[in-house]
Amino acid sequence: MNGSSSSREDAGVQRFSHLYDQATTSPTTRRLYLNRLTLFLAWCAARGVGALPAHPEVLRQYLIGLADEQKALSTIDVSVAAITMAHRALGHDPPMSDALRITLRSLRRTLGPLRPPSTSISLGMVRQLVASCEKDPHGIRDRALILVTFFACLRRADVVGLNREGAQREERGYRLTFAREAPYRTETPTLVVHAEPSLCPVRALDDWLGLPAIWVRGIDRAPTFGPVFVGLHRGRRQRFHVGDRLAPNDLDRIVKRRAVAAGLNPAGLSATSLRPGFSAEAACDEASSSA
């Protein structure tokens, strides 16, 4: 790869990064996209082929290589999205051809079914998940995250997009509002006090939002603004540091980690499992009360 081509691709990465800084995405998502783009540039450089712009056949071979390395379909999709956005940031048409379209369809058809089916999480399983949460900041956060998601029947995008100013404390609990109201939502989600203290989403969210600054450095800087659910990094002397807004995949990892700690099989469990689990449990309760 010659110097001028390399400088153009460096400029593409910079423009891509700037474009994503202006987008309404989490820092974790931005890092993921930049990482996939950087790997693609390195792959092209090792073979002496142009990356920005890239020939459709170059991208096709790259994606086939990812599949050969047994990368997940989600990784392939993110790679395509990152490379496409980088091309547009430089003013190029994204690489596409009939052969590339066929390859993409084939990969999605063959890799898609490999995803484990989603398993619903019942109220009994929620009891086990929250029982595995320790009394430290990680446990307090995870307990609130699980109970809020379950009892408000939230999608992953709702959970990670929830801001502190959108969690309005009222006498009976919390009224949740979101920066971007989704068309599927017909009413404002609310959290009310649960009779069982260990399962109460209101108490759990109170505990998390009211976490003393002596435990977590950074929480006292802007207590009423910013994301509700953030990453936590253990520092010295048992202090924790506030990280970035959690991404949807972070929620899935938290649910799986809590499942393992609770002695449950994590296969097929994710944050999405909390929504159908709530619906199934509510249906059972309704049937029992009417019997």
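Which residue in strand 2 stands opposite Gln-168? In this predicted model, the residue is Arg-175. That pair is a good place to enter the fold.

Strand 1 and strand 2 run antiparallel to each other and are joined over three bridges. They belong to an open sheet of three strands, ordered 1-2-3, with antiparallel pairing. Strand 1 covers residues 167–169 and strand 3 covers 190–192. Both stand at the edges with a single partner strand, so each has one side without a neighbour in the sheet. On average, neighbouring strands here are turned by 20° against each other, direction ignored.

Now step back to the whole chain. The protein chain has eleven helices and six strands. It holds 291 residues, and 42% of them count as buried. Take the contacts between residues at least 6 apart in sequence: 65% of these join residues at least 24 apart.

Next comes the interior. In soluble globular proteins, nonpolar side chains tend to be buried together. Here the largest nonpolar core has 45 residues. Val-126, Leu-176, Leu-191, Leu-205, Trp-208 and Phe-229 have the most contacts inside it. Several elements each supply at least two residues of this core, including helix 6 (123–131), helix 8 (156–161) and helix 9 (201–209). Strand 2 (173–176) and strand 5 (230–234) are also among them. Helix 7 gives the most, with nine residues.

Look closely at Val-126. Leaving aside residues up to four places away in sequence, Val-126 touches Ile-121, Ile-146, Leu-147, Phe-150, Leu-199 and Leu-274. Apart from this core lies another, of 27 residues. Ala-51, Ala-67, Leu-73 and Leu-111 are among its members.

Helix 10 (248–261) is another contributor to the largest core, with at least two residues. How many residues does helix 10 have? It has 14, and it reaches 20 Å from its first C-alpha to its last. That is close to the 20 Å expected at 1.5 Å a residue. Its buried residues are Asp-250, Leu-251, Asp-252, Ile-254, Val-255, Arg-258 and Ala-259. After helix 10 comes Gly-263, with a positive phi near 80°.

Turn to helix 5, residues 98–111. Two residues of this helix are worth following. Thr-103 is found there, and so is Leu-104. Is Thr-103 buried or exposed? Thr-103 is buried, because its relative accessibility is 9% and the cut-off for buried is under 20%. Leu-104, at 8%, also counts as buried.

Their contacts reach elsewhere in the sequence. With residues up to four places away not counted, Thr-103 touches Arg-60 and Ile-64. On the same terms, Leu-104 touches Leu-63, Val-80 and Met-96. Leu-104 and Arg-60 are 44 residues apart in sequence. In space, their C-alpha atoms are 8.2 Å apart.

Last come the cysteines. A disulfide is a covalent bond between the sulfur atoms of two cysteines. How many disulfides does a search of the whole structure find? The search finds zero. Cys-133 counts as buried because its relative accessibility is 11%. Cys-153 counts as partly exposed, at 24%.

Definitions and conventions: Residues are numbered from 1 along each chain as its sequence is written. This is a predicted model: local features need pLDDT of at least 70, side-chain atom pairs count only at pLDDT 80 or more; totals for chains, interfaces and linings use all residues. Side-chain values use heavy atoms; hydrogens and water are left out. A disulfide is a pair of cysteine sulfur atoms within 2.5 Å. Buried means under 20% relative accessible area, exposed over 50%, partly exposed in between (1.4 Å probe, protein chains only). Helices (H or I, at least four residues) and strands (E, at least two) are DSSP runs, numbered from the N terminus. Contact means heavy atoms within 4.5 Å. A nonpolar core is a set of buried Ala, Val, Leu, Ile, Met, Phe, Trp, Tyr and Cys residues joined through side-chain atoms within 4.5 Å. The expected span of a helix is 1.5 Å times one less than its number of residues. Two strands pair if DSSP finds at least two bridges between them. Axes are lines fitted to C-alpha atoms, for helices over the stretch in contact, and angles run from 0 to 180 degrees between N-to-C directions.
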